[in-house]
Amino acid sequence: MKNIILVGKPNSGKSLLFNQLTGLRQKVANFPGVTVELKSGAFDQYKLVDFPGTYSLKSLSRDEELAIEKLHEAMLSDETSIVVCNLDATRLESSLVFGLQVRDLALQHNKGIIFALNMIDEVQRFGHEIDTEKLAADLGCAVFALSAKTLIGLHEFKLALIDAAKHPQEFLPLLHSDDESSVVEISRTLSKRYGVKADVVLKKQNRIDGFLLNNLLGGVIFLTIMFLLFQSIFTWASPLMDFVELVLAESAVKVSIFLPDGVVNDFVTDALFGGVGSFLVFVPQIMVLTFVIGLLEDSGYLARAALICHKPLSYFGLSGRSFIPYLSGHACAIPAIMAARTIESPRKRLITMMTIPLMSCSARLPVYALLIAVLIPDTHYLGGVVNLQGITFFILYFIGILTALLVSTLLTKLTDVDKDKAEMPFVLELPTYRLPHWKPLGHRILTSAKQFVRRAGPVIFMVSVVIWFLGYFPENGVLQSSYLAMLGHWIEPIFEPLGLDWRYGVAILVSFLAREVFVGALGTLFGIEGADENISGLAANIQADGLTLGAGIGLMLFYVLALQCVATVATLKAETGSRKIAWGLFVAYGVLAYCLAWLAASLL
């Protein structure tokens with residue numbers, strides 16, 4: 001199968017075009033560095049390969065360096081049939097700088113190339129028309145106007161692309177640039193001749209930026225948006241969580257009726273519905289978090305947020321670009337650590353990666369939600385818009401962020417700044433404000449839920465089965481005499497100063513596989529112990545058991561700071577190239593988390 005390679009600069013609609021051509025709905029975002037890996041999908045009888053967005057064939061970051069290396073490899077490969085270069089029709093000059101470089105590279109390697117003039121719908125909205133035939137003549141390559149969002153010209157482009165892939169020699173570039181300076185000059189000339197005037201495109205954007213990037217109002221708006229983000233996780237997801245919990249409870253009762261009393265019935269009720277079911281209740285919160293972050297990404301606000309954060313983050317030895325991995329870390333630390341590749345400064349990149357685990361990822365959501373439901377009353381303010389549980393949620397996230405900034409400051413002072421003299425200036429392109437494309441956003445929400453269940457579900461199932469087996473035998477459900485109790489009582493002295501008994505100790509230990517396993521493990525343990533009681537829901541079981549406020553707050557602080565995730569440790573080792581750094585952070589954050597948990601348990 002021959003390959004078609006798709007290239008273009010960030011924020012040019014390239015990923016959405018890839019989605020439309022292949023039927024895959026890859027992540028679409030309006031800030032640089034989201035795509036750090038090659039993605040491929042079937043298009044007709046070809047494989048379409050989506051390369052990471054780059055601004056130039058001269059790399060400014062490790063991410064761009066990787067993309068350019070892969071592009072050169074693809075140009076040398078006989079498997080590459082045709083090159084598609086995606087251009088942003090609203091920002092023709094900056095798109096053409098990279099486009100002309102790719103054209104010259106394609107000519108050098110005897111590869112055909114066509115240009116996809118994307119976002120033509122926005123150009124038309126400004127009342128402007130681009131003469132693609134004349135632009136094609138000036139470029140010496142075929143140009144097709146289209147909109148991956150509204151599908152304008154997409155059908156015609158698909159037919160042309162199939163034809164180009166079949167006869168690539170007919171699409172060899174007819175012109176080339178003399179040198180780098182001529183690329184810039186030609187891009188500027190063609191943009192003036194065919195493109196929309198910059199003041200027309202930027203008029204509305206500058207008006208909105210004047211409000212959102214205001215020195216005072218911008219910061220207030222940013223903090224308000226972040227506060228509402230964490231509030232929404234509780235307030236918007238609560239009805240869905242209640243529904244899922246009701247369905248699971250009713251299903252457990254109905255399934256139990258059809259099973260004979262004994263081991264099988266207890267296993268299904270305690271291990272499956274008690275362990276795995278306790279985890280599924282929190283999936284709606286993952287979906288809400290993905291939805292809100294998706295809105296911020298696709299609208300173009302995240303790049304502004306990075307700009308707002310640059311100055312305050314620089315006080316802690318970080319870059320404005322650190323904000324994007326930090327926010328991504330609230331979904332999952334693993335892709336966030338990889339996203340730090342876009343930070344030009346090696347020192348700031350390393351510090352960012354080392355502090356990302358302090359961001360409260362989605363795996364912590366079930367733990368927070370469970371403990372908040374146990375300890376914090378559901379008190380509402382401002383007509384129900386804000387509630388006390390949501391405020392507590394925000395505080396937990398804020399503690400993680402604050403700790404990350406303090407650790408960043410410490411690491412900055414401990415590292416030799418002179419070793420990083422070649423730091424690049426902070427440069428960030430502000431994308432045009434756009435309405436999100438709802439279909440990919442909806443698919444992203446569902447995908448995040450599926451990935452969360454697929455990633456954590458098997459681990460939680462296995463852990464729940466093992467814990468149930470150890471907790472059920474040898475005396476058929478007498479927990480205090482079980483194998484698990486023997487193990488738990490052996491490690492209990494470690495967790496006793498935190499006000500926690502052996503059950504919580506076992507749940508904390510197994511959660512190193514994945515933080516969310518903590519909820520499933522406790523669900524199984526309390527399911528076995530409370531099998532004969534009429535208490536529904538794990539939170540109610542824990543409340544009835546009498547978890548103290550100090551121990552509960554300490555446990556939340558422990559999970560805010562502890563690096564309880566083996567996959568994150570492995571990713572840190574791979575990205576930093578140091579086993580010492582990865583496991584050193586695991587021990588350091590673990591000790592810090594334990595000390596704060598002990599302090600909370602002692603004082604409250």
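**Exercise 1. Assign L596 to an exposure class and place it in its surroundings.**

Solution. L596 is partly exposed, because its relative accessible area is 31%, and the classes are set so that buried means under 20%, exposed means over 50% and partly exposed lies in between, with a 1.4 Å probe and protein chains only. The model is predicted, so that local features need pLDDT of at least 70 and side-chain atom pairs count only at pLDDT 80 or more, while totals for chains, interfaces and linings use all residues. Residues are numbered from 1 along each chain as its sequence is written, and side-chain values use heavy atoms, with hydrogens and water left out.

The next step is to find the element: L596 lies in helix α26, where helices (H or I, at least four residues) and strands (E, at least two) are DSSP runs numbered from the N terminus. Together with L549, L592, W598, L599, L603 and L604, L596 makes a nonpolar surface patch of about 670 Å². Such patches consist of residues with over 30% relative accessible area and no salt bridge, with like charges joined within 9 Å and nonpolar side chains (Val, Leu, Ile, Met, Phe, Trp, Tyr) within 5 Å; a salt bridge is a side-chain nitrogen of Lys or Arg within 4 Å of a carboxyl oxygen of Asp or Glu. Accessible areas come from the Shrake-Rupley method with a 1.4 Å probe, and for residues only the protein chains shown count as cover. Helix α26, which spans residues 579-603, gives the most to the patch, with 5 residues.

**Exercise 2. Work out how strand β3 is paired and covered.**

Solution. Start with the strand itself: β3 covers residues 46-50, and 4 of its 5 residues are buried. Two strands pair if DSSP finds at least two bridges between them. With β1 (residues 3-8), β3 pairs in the parallel sense over 4 bridges, and I5 has V49 as its bridge partner in β3. With β2 (residues 39-43), the pairing is antiparallel over 5 bridges, and here A42 has K47 as its bridge partner. The hairpin of β2 and β3 has 2 residues between the strands, and D44 takes a positive phi near 55° in it.

**Exercise 3. Trace the largest nonpolar core through F518 and A507.**

Solution. A nonpolar core is a set of buried Ala, Val, Leu, Ile, Met, Phe, Trp, Tyr and Cys residues joined through side-chain atoms within 4.5 Å. The largest one has 103 residues, of which F323, F518 and L522 touch the most other members. Helix α17 (residues 365-375) gives the most to this core, with 8 residues. Apart from it lies another core of 33 residues, including V49, L71, V83 and V102.

Turning to contacts (heavy atoms within 4.5 Å), and not counting residues up to four places away in sequence, F518 touches V367, L370, Y504, A507, I508, S511, L555 and Y559. A507 is found in helix α21 (residues 502-510), and A507 counts as buried because its relative accessibility is 0%. Leaving aside neighbours within four places in sequence, A507 is in contact with F518, A521, L522 and Y559.

**Exercise 4. Decide whether S191 and T379 are buried or partly exposed.**

Solution. S191, found in helix α7 (residues 180-194), is buried because its relative accessible area is 13%. T379, placed in the loop between α17 and β7 (380-381), is partly exposed because its relative accessible area is 31%. Leaving aside neighbours within four places in sequence, T379 is in contact with V386, N387 and L388.
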